[in-house]
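Visitor: I have a model open and would like to learn to read it. Where should I start?
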Amino acid sequence: MSEAARVLGLLAERGGTLAVAESLTGGLVAAELTGVPGASKTFRGSVTAYATALKEQLLGVDGALLAERGAVDPEVALQMAAGVRVRLGADWGIATTGVAGPDPQDGQPVGTVYVAVVGPVGTGKVASLRLNGDRAEIRRESVRSVLELLGGELSGNARAQDTEQNGGN
């Protein structure tokens, strides 16, 4: 079973819904989720906010934060996840932001990625990734990582709890 099918199944068991905010993945997370039969039971929709200004305008990311740190930042990822959750009326929000390459962005090297999840009580978790590979590999790994982060939060498994206690990835 794919991670997308697993998280959608966990959401369906709980009667929960999911919204996605994407930057570097450009819709790949949504495509992975909608490739699962029955996804419409839990998947509300997605926003691909590729341009930095859209992260503020569509997702409510703090403009001062974007101006100070740029779009490739853990707090930006959390705000994207929180914003899409609220704007699309979902229980859970997930987000991806980072640098797929070929060039650095916002002073961050290629392969710097932040994935985030925000749940029903508004608390969130972000994972900081340093990925290797070409643009396609970095984007694919970002999709896998954000779905795994959500899966860990939904299942409450020992690995997710251990990561939480140690302050993230």
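Guide: Start with the inside. In soluble globular proteins, nonpolar side chains tend to be buried together. In this predicted model, the largest nonpolar core has 30 residues. Leu18, Val29, Leu33, Ile94, Leu147 and Leu150 touch the most other members.

Visitor: Which elements give two or more residues to this core?

Guide: Three helices do: H1 (3-14), H2 (28-34) and H6 (135-155). So do strands E1 (18-22), E3 (92-98), E4 (112-118) and E5 (124-130). H6 gives the largest share, seven residues.

Visitor: Which residues is leucine 33 in contact with, leaving aside neighbours within four places in sequence?

Guide: Leucine 33 is in contact with Ala4, Val7, Leu8, Leu18, Val20, Ala39, Phe43 and Leu147. There is also a second, separate core, with 22 residues. Leu65, Leu66, Val72 and Val76 are among them.

Visitor: Now the empty space. What lines the second largest pocket?

Guide: Rolling a probe the size of a water molecule over the atoms shows where empty space is left. Here, the second largest pocket has a volume of about 160 Å³. Its lining has 15 residues. Leu24, Tyr50, Gly98, Ala100 and Gln105 lie nearest the centre. By class, seven lining residues are nonpolar, five polar and three charged.

Visitor: Where does pLDDT stay under 50?

Guide: Check the overall figure, then the stretches. The mean pLDDT of the protein is 92, and 92% of its residues reach 70 or more. Over residues 157-169, pLDDT stays under 50. For that stretch the model has 14 contacts beyond four places in sequence.

Notes: Residues numbered from 1 in each chain as written. Predicted model: local features only at pLDDT ≥ 70, side-chain atom pairs only at ≥ 80, totals over all residues. Heavy atoms only, no water. Core = buried A, V, L, I, M, F, W, Y, C linked by side-chain atoms within 4.5 Å. Buried < 20%, exposed > 50% of the residue type's maximum accessible area, 1.4 Å probe, protein only. Helix = DSSP H or I, 4+ residues; strand = E, 2+ residues; numbered from the N terminus. Contact = heavy atoms within 4.5 Å. 1 Å grid on protein atoms, 1.4 Å probe; cavity = no way out; pocket = protein on both sides within 12 Å on 5 of 7 lines; lining within 4 Å. Points joined across faces, edges and corners; volume = space filled by probe spheres on them. Nonpolar A, V, L, I, M, F, W, Y, C, P; charged D, E, K, R; others polar. pLDDT = per-residue confidence, 0-100.
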